Amino acid sequence: MAVTIPGPDPGDLITGIMLQIAQHAERLALLDQHVADLTARLTALIGARNSDRDEGYRPVPAPQWWKLGEPEREEALARLRAWVDQIYRPSYGHLAAALGPCWEQHPLCLFGLDWLMELWSVLYLTPERQPHALASQAEWQTRLLPALAEQLYLETTRCQHAQRTQDRRLSHSADPRDGGNPAHRRL
Ligand SMILES: [Zn+2]
């Protein structure tokens with residue numbers, strides 16, 4: 001005896017397919033949204049990383065001045081020299097002027113200027129300024145900088161280099177060609 005299995009109702013079939021299409025469309029829309037969110041997050045991350053690379057503070061290990069070989073010492077000095085020439089001297093007036101020209105030959109100056117420069121970089125090369133950073137900037141300039149500037153001044157004015165410069169000036173002012181003008185003897 002033949003059994004007739006009823007075929008699916010074409011109407012139900014179409015309804016089922018339409019339902020599946022609707023579900024797929026919904027999933028695709030969710031995936032689209034997900035991809036868009038991920039792209040936005042990735043773009044923000046890359047932007048932040050590039051901005052850090054361009055402007056942000058990049059910590060470096062403290063130079064071990066007492067044992068650096070010549071190339072490493074020159075590299076560390078070049079970094080410090082660039083900061084002194086481009087930031088420190090042009091920006092900090094009479095305090096920076098207290099730094100003698102022979103500072104590179106004084107370990108005290110190297111250690112001091114190194115942390116002064118690193119702290120400055122932390123405080124001024126950061127894209128955002130929070131209240132605590134503002135307070136630190138004030139402390140850097142009103143307390144730390146003057147205290148160190150005094151040390152740098154003493155170190156570079158009571159040294160053999162300063163003494164030699166003074167001797168040269170004295171011998172120059174004693175030169176009979178300038179007529180022995182006492183004004184020239186003033187240091
Ligand atoms: Zn000196």
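Trainee: At what angle do helix α2 and helix α4 pack, and how far apart are their axes?

Mentor: In this predicted model, where local features need pLDDT of at least 70, side-chain atom pairs count only at pLDDT 80 or more, and totals for chains, interfaces and linings use all residues, we can answer for residues 70-91 (α2) and 107-124 (α4): the angle is about 65° and the axes lie 10 Å apart. Residues are numbered from 1 along each chain as its sequence is written. The helices are DSSP runs of H or I with at least four residues, numbered from the N terminus (strands are E, at least two), and axes are lines fitted to C-alpha atoms over the stretch in contact, with angles from 0 to 180 degrees between N-to-C directions.

Trainee: What makes α2 roughly perpendicular to α4?

Mentor: The angle is about 65°, and α2 is therefore called roughly perpendicular to α4, since 65 to 115 degrees counts as roughly perpendicular, under 35 as roughly parallel, over 145 as roughly antiparallel and the rest as oblique.

Trainee: Which residues make that contact, and how many of them are nonpolar?

Mentor: Leu80, Trp83, Val84 and Ile87 of α2 meet Leu110, Leu113, Asp114, Met117 and Trp120 of α4, where contact means C-beta atoms, placed from the backbone, within 7 Å. Eight are nonpolar, none polar and one charged, with Ala, Val, Leu, Ile, Met, Phe, Trp, Tyr, Cys and Pro counted as nonpolar, Asp, Glu, Lys and Arg as charged, and the others, Gly among them, as polar.

Trainee: Why is α4 called roughly antiparallel to α5?

Mentor: These two helices pack at about 165°, with axes 10 Å apart, and that angle makes α4 roughly antiparallel to α5. The residues of their contact divide into 11 nonpolar, five polar and one charged, and Glu155 of α5 takes part.

Trainee: Why is Glu155 called buried?

Mentor: Glu155, which lies in helix α5 (residues 131-157), has 20 other C-beta atoms within 10 Å, so it is buried; the class needs 20 or more, while 12 or fewer means exposed and anything in between partly exposed. Leaving aside neighbours within four places in sequence, Glu155 touches His106, Leu108 and Cys109, and although Leu108 is 47 residues away in sequence, the two C-alpha atoms are 7.5 Å apart.

Trainee: How do you know that α6 is hardly covered?

Mentor: Among the 14 residues of α6, the count of buried ones is zero, and in the protein 7% of the 187 residues count as buried.

Technical notes:
Contact = placed C-beta atoms within 7 Å.
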